[in-house]
Each structure stands twice: as C-alpha cells, then as structure tokens.
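Biologist: Could you walk me through this chain, one question at a time? I would like to hear the reasoning as well as the values.

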Amino acid sequence: SAELLGGAFRHHRPDIEQAYGSSGMETAEKHGLMSYFELPAPSRIGTGWLTKVETGGGGGGMEGGTPEVITDFAAVRELILRDTKEDGFGHQLMERHAHPALSRMQERLRRSVKVETVIEYGAQPASPAVTVIVPLYGRIDFLHHQISQFVHDPEIAGLDLLYVLDSPELARDLNKVAAGLHEFYELPFRVAILSRNGGFSLANNLGASVARGRTLLLLNSDVLPLRPRWISRMSAFYDATPNIGALGAKLLYEEDSLQHAGMYFALEPESLLWGNQHYLKGFARNFAPANVARPVPAVTGACMMIDRALYEELGGLDHSFVQGGYEDSDLCLRLIELGRQNWYLPQAELYHLEQQSFPTADEYRWLATRYNTWLQTHRWRGLIEELMTAQDSGRRAPPALAV
C-alpha cells in the first residue's frame with residue numbers, strides 16, 4: 001500500500017465540479033490528484049487497485065475501485081505525457097511525478113531492447129574507417145531513396161553502411177526490399193533488426209554496439225546528399241581538428257534554403273525553458289555566414305559525426321529523452337562539459353526532409369517535445385545560460401554570425 005495525498009499534485013476536476021456544483025461545493029478547490037509512488041515489490045493486480053478514502057475529521061471513510069491497469073508501454077507513456085498539461089508544463093508535476101515515472105519507463109525499455117540479428121547484403125569492406133548508422137522507423141521506403149543516391153558516391157562502398165530497423169514488425173518486408181536493392185545497385189550494407197521498438201537513441205546506441213568503423217556518422221533516413229565525397233570531407237575535417245566533439249553538416253530544405261547550420265539555445269516564448277534553435281534557418285543556401293566552418297554549441301543528430309570511442313565513453317545518446325528529440329543537444333552539452341568543442345562544416349551539404357523519418361505529427365509528438373525541452377532545461381540550465389551569455393557578449397560568438 002502507499003499513501004498518495006501528501007505529496008500529490010492537485011488539479012481541477014471539471015467533471016466533479018459540475019456533478020456537485022448545486023450542493024454548494026467550492027469550485028475553486030482542486031479535487032483531482034496525481035501522484036508518483038513506489039512500492040517495495042511489483043504489483044501483479046491487473047483488474048485495478050483498491051483505493052481507500054478517509055474523511056479529514058477521522059469520522060470514517062470508504063473504499064472503491066480504480067480503472068483497469070494499463071500495461072501497454074506506449075499507452076502508459078502517452079497517458080503520462082498528456083497529463084502533464086494539467087499544470088501548464090510547470091515544474092512541480094514534471095519534477096516530482098511525471099519525470100520519475102517516465103525515467104523508470106525509459107530505463108525499463110532500454111533494458112528490454114537488443115539487436116536480434118544483423119543481416120549482411122553483399123561483401124562488406126575489410127577495415128572501414130566510418131560506420132554510417134541510419135535508424136529506420138515506420139517508413140522503410142527511405143532505404144530505397146538513400147541507396148539510390150549513395151550508389152553515385154564511390155566512397156560509400158568502402159564504408160560500413162548500417163541500417164537499424166526500429167520497427168521489427170516490418171523485418172520481412174524490409175528483407176525483401178533490401179535484397180532487391182542490393183541485387184540492383186550492388187552496394188554493400190547491413191541491417192540490424194531490433195527486438196522491439198526502442199526509439200531514436202536506442203537505435204543509434206545499439207547500432208554503435210555493432211559498428212565496425214572507428215568513427216560514427218549518425219544519419220537520419222530522410223537525409224540525402226547533394227553530391228559525392230561528403231563523408232570524406234567530414235572525416236578529414238574531424239581528424240584535423242584538435243579537441244573536436246561532434247561535427248555537423250549543412251542541411252537544406254528541398255527548395256535550397258538553410259535548415260541547419262549548427263544549433264544554439266533560446267528561451268521559448270512566455271517560458272523559462274531552453275529550446276533548440278538552428279542558426280540561419282530559412283536563409284539562402286549560399287548565404288555567406290553559412291559557408292564558414294565554425295564551433296557551435298550543438299549540432300543535430302540528423303547528421304552528426306563523432307569518434308566512436310568518445311561516443312562510447314559518454315554512453316551514447318541518453319535514452320531519458322522521449323521518442324527522439326534533444327538527445328543530440330544533450331550529447332553536445334556533455335561533450336562541452338568534457339572540454340570538447342562541437343563544429344559545423346558547410347562543405348558537407350545534404351537535403352533533410354525534416355521529420356519525415358518519424359511518421360507522426362499529432363499532439364503526442366508535441367507533448368514529447370515539451371517534456372524533452374523541460375528535461376534539457378532541468379539538467380543543463382546553468383551551462384546553457386553560460387554558453388548563451390558568452391555568445392551574446394561576443395566572447396565565444398562565431399564571428400560569421402555577426403549579421
């Protein structure tokens with residue numbers, strides 16, 4: 001058993017207020033409650049728990065049932081995220097209740113996902129310098145789009161091209177597509193199939209666990225290169241830059257405007273939360289400040305190069321973030337904390353069909369982003385404020401951004 005009321009988050013219940021409004025009940029009272037609690041042993045009751053309510057004066061009480069227990073992971077996580085709206089994304093509900101619950105769930109998910117099998121298509125290169133890790137979730141058609149572009153780049157065949165299927169229910173369909181693509185294009189690649197859907201961070205981390213290159217390139221499935229030899233340009237710059245952490249590329253929208261030229265942090269409107277922003281977003285591809293290589297606070301995980309040993313030292317992407325979002329900036333902040341510097345390289349140009357590799361755009365996706373923004377702020381407020389204050393004062397501002 002557990003006592004719920006003491007540390008619970010209280011909120012309004014319009015249904016109760018409406019039902020008892022005529023009895024003189026004070027509608028300003030918050031009749032609803034949410035509470036995270038832990039028990040010394042797991043509860044196996046699937047029909048719902050028993051609740052006991054006692055009157056404040058000790059004059060008695062009553063017992064009642066609760067709704068049926070929900071055990072589906074995705075449904076529970078979505079329910080918790082939707083409940084975070086009750087305090088307008090404030091701090092109390094997030095820190096004391098939603099965050100502990102979601103952290104426990106994410107950790108349980110991390111322990112339950114593994115690489116089920118790795119399938120090789122074609123003869124793999126003997127000693128690849130770079131492993132390109134591409135998670136596939138839902139839309140396996142992006143495999144075809146990328147392979148049809150990669151085949152025009154003579155460097156790709158010498159790399160460890162690894163796709164990580166984060167939708168194992170599509171394994172049979174993907175195998176047919178992959179076999180046909182290799183037969184037609186003759187480009188070697190591998191496919192790692194996960195035991196269950198784990199999310200963006202787990203797909204990349206498990207991909208890194210079977211990587212063969214000394215350098216990793218995290219790449220979204222909806223990223224397509226403009227021209228060949230972009231990976232060797234990134235590799236040469238990475239190897240020649242002392243104390244480098246993560247390296248990002250110039251990413252473009254389909255109509256050639258800038259989508260990414262490095263990332264920085266900004267307070268969101270009417271909020272104390274630090275969100276991610278992209279430098280020069282929407283400017284023309286050839287805008288002069290976007291054509292200068294420079295250190296930046298962070299780069300997107302849609303196209304990120306990092307030393308494999310360094311990635312493993314930091315534990316890869318943090319799985320505490322929900323469903324893909326802010327893991328990349330969190331990794332970049334950890335690199336800065338370690339004394340490393342993140343860089344943007346404009347000589348590597350690619351198109352990014354933003355958010356198409358993650359086929360959902362509903363309220364749940366927005367709620368997950370809000371939670372991730374809160375979590376990043378909760379962890380890194382001090383360092384982010386230091387970085388942004390230094391940039392505003394010009395002490396660490398990229399001179400190319402003085403526009």
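What follows is a conversation about a predicted model, from the whole chain down to single residues.

Biologist: Happy to start broad: how many helices and strands does the chain have?

Modeller: Keep in mind that this is a predicted model. Its C-alpha atoms fill a box of roughly 80 × 55 × 35 Å along the principal axes. Within the chain, the secondary structure comes to ten helices and 17 strands.

Biologist: What share of the residues counts as buried?

Modeller: The chain exposes about 19,400 Å², and carbon and sulfur atoms supply 52% of that area. Of its 403 residues, the share that counts as buried is 49%.

Biologist: Which percentage of the contacts with a separation of 6 or more comes from residues 24 or more positions apart?

Modeller: Tyr-121 and Val-191 give a good example, being 70 residues apart along the chain with C-alpha atoms separated by 8.1 Å; they also touch. For the chain, residues 24 or more positions apart account for a share of those contacts equal to 78%.

Biologist: How far apart are the mean positions of the positive and negative charges?

Modeller: The chain has 37 positive and 49 negative charges. Taking the mean position of each set, the separation is 4 Å.

Biologist: How many disulfides does the structure hold, and why is Cys-303 not in one?

Modeller: A disulfide needs two cysteine sulfur atoms within 2.5 Å. The closest cysteine sulfur to that of Cys-303 is in Cys-332, and at 12 Å it is too far for a bond. Seen from Cys-332, the closest cysteine sulfur is that of Cys-303, again 12 Å away. The number of disulfides is therefore zero.

Biologist: Is Cys-332 buried or exposed?

Modeller: Under 20% relative accessible area counts as buried. Cys-303 has a value of 0% and falls in that class. Cys-332 has a relative accessible area of 0% too, so its class is buried.

Biologist: Which backbone oxygen does the side chain of Asn-342 reach?

Modeller: Asn-342 sits in strand S17, residues 341-352, and is buried at 0% relative accessibility. Its contacts beyond four places in sequence include Gly-245, Arg-294, Pro-295 and Cys-332. The side chain reaches, at 3.2 Å, the backbone oxygen of Cys-332.

Biologist: Let us turn to Gln-376: which residue offers its backbone oxygen to a polar atom of that side chain?

Modeller: Gln-376 belongs to helix H10, residues 363-393, and its relative accessible area of 0% makes it buried. Leaving out residues up to four places away, it touches Phe-265, Trp-274, Phe-321 and Tyr-326, among others. The backbone oxygen that lies 3.2 Å from a polar atom of the Gln-376 side chain is that of Trp-274.

Biologist: At what distance does a polar contact join the side chains of Tyr-121 and Asn-175?

Modeller: Tyr-121 is in strand S5, residues 115-121, and counts as buried at 8% relative accessibility. Among the residues it touches beyond four places in sequence are Asn-175, Ala-178, His-182 and Phe-189. The polar contact between the side chains of Tyr-121 and Asn-175 has a length of 2.5 Å.

Biologist: Which residues does Lys-52 contact, leaving aside neighbours within four places in sequence?

Modeller: Lys-52 is in strand S3, residues 50-54, and counts as exposed at 59% relative accessibility. From Glu-3, 49 residues away in sequence, the C-alpha to C-alpha distance is 9.6 Å. Its contacts beyond four places are Met-62 and Glu-63.

Biologist: What is the phi of Glu-186?

Modeller: Glu-186 lies in the loop between helix H5 (171-185) and strand S8 (189-194). At 64% relative accessibility, it counts as exposed. Its phi is positive, in a residue other than glycine, with a value near 60 degrees.

Biologist: And what is the phi of Asp-256?

Modeller: Asp-256 is placed in the loop between strand S11 (244-252) and strand S12 (258-260). With a relative accessible area of 26%, it is partly exposed. Although Asp-256 is not a glycine, its phi is positive, at about 75 degrees.

Technical notes: Residues are numbered from 1 along each chain as its sequence is written. Side-chain values use heavy atoms; hydrogens and water are left out. Buried means under 20% relative accessible area, exposed over 50%, partly exposed in between (1.4 Å probe, protein chains only). Helices (H or I, at least four residues) and strands (E, at least two) are DSSP runs, numbered from the N terminus. Contact means heavy atoms within 4.5 Å. Accessible areas come from the Shrake-Rupley method with a 1.4 Å probe; for residues, only the protein chains shown count as cover. Lys and Arg count as positive and Asp and Glu as negative; His and the chain ends are not counted. The place of a charge is taken as NZ of Lys, CZ of Arg, CG of Asp or CD of Glu. A polar contact is a pair of N or O atoms within 3.5 Å; within protein, one must be able to donate a hydrogen and the other to accept it, and residues adjacent in sequence count only if both atoms are side-chain atoms.
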